[in-house]
Amino acid sequence: MKNNKRSKNFCFSVFLRNYKLVGDFFESANEEEPLKLFFNVSYPDAEFVLRIYNGLLNIPNFKYKDFKLKRGSVRLIREKSITNNEVVFKTLSPLYIRGKDGKPLTPINENFEIELNYIMNTVLMNYRGYGLKRDLCFTPLDLRKQIIKEKIESFIKKTGKEYMTLTVYKGAFKLFGDPEDLRDIYFLGIGFRRSEGFGMVEVV
């Protein structure tokens, strides 16, 4: 197995409503309405999720860097059932798959499925003590390319570049595999950088 950092057992996605981009910052597009941010988190342990839920209910306000955030509603969303060996997912945060050289792979690249199976085998091994029960087969249905720019201090120091750019994909795809694997992937997310806001999916 390749050397790799131990994967985190969660994924998340972020959506904004009523916004406009001003330089590097999002601002409310309507001065009469506040900028709304929706934060979704998926974790396979229901008890842990309940603790997060109860904790959030007791924190009405947050501070992030120089920003003040006011908590809105907090909801638990029941997951959809997966019982078959084939499921159609749509991305809630972009899918990122890279090759051994660190470069992003397109879904039609011959190595895409190999690297997808590698990372999901590693993720499942870290989470439950054993990897994929059978190889995954990936079929793109309606995927669109996106370029993500991230401002990361360690990257700036190392490269001198202002932003790290990542080529990712969002949309719908079909995944074939063992139902237990598919259920765990549903909770854990799919692909690389899941705990950094990538790879969260919903069953269509």
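A residue counts as buried when its relative accessible area is under 20%, and as exposed when that area is over 50%. The exercises below apply to a predicted model.

**Exercise 1.** Determine whether arginine 193 is buried or exposed.

*Solution.* First, locate the residue: arginine 193 lies in the loop between helix 4 (179-188) and strand 10 (201-203). Next, take its relative accessibility, which is 18%. The limit for a buried residue is under 20%. Arginine 193 therefore counts as buried. In the chain, buried residues make up 35% of the 204 residues.

**Exercise 2.** State which sign phi has in arginine 193 and in asparagine 18.

*Solution.* Phi of arginine 193 is near 60 degrees, a positive value in a residue other than glycine. Phi of asparagine 18 is likewise positive, near 60 degrees, and this residue is not glycine either. Asparagine 18 is placed in the loop between strand 1 (11-17) and strand 2 (19-22).

**Exercise 3.** Check what span helix 1 (residues 46-57) should have against the distance between its end C-alpha atoms.

*Solution.* The expected span is 1.5 Å times one less than the number of residues. For the 12 residues of helix 1, this gives 16 Å. The end C-alpha atoms are 17 Å apart, which agrees. At the start of this helix, a side-chain oxygen of aspartate 45 comes to within 3.0 Å of the backbone nitrogen of glutamate 47.

**Exercise 4.** Assess how compact the chain is.

*Solution.* The chain contains 4 helices and 10 strands. Its radius of gyration is 18 Å, and the globule rule gives 17 Å for 204 residues. The two values are close, so the chain is as compact as a globular protein of that length.

Methods. Residues are numbered from 1 along each chain as its sequence is written. This is a predicted model: local features need pLDDT of at least 70, side-chain atom pairs count only at pLDDT 80 or more; totals for chains, interfaces and linings use all residues. Side-chain values use heavy atoms; hydrogens and water are left out. Helices (H or I, at least four residues) and strands (E, at least two) are DSSP runs, numbered from the N terminus. A polar contact is a pair of N or O atoms within 3.5 Å; within protein, one must be able to donate a hydrogen and the other to accept it, and residues adjacent in sequence count only if both atoms are side-chain atoms. Buried means under 20% relative accessible area, exposed over 50%, partly exposed in between (1.4 Å probe, protein chains only). The radius of gyration is taken over C-alpha atoms; the globule rule is 2.2 Å times the number of residues to the power 0.38.
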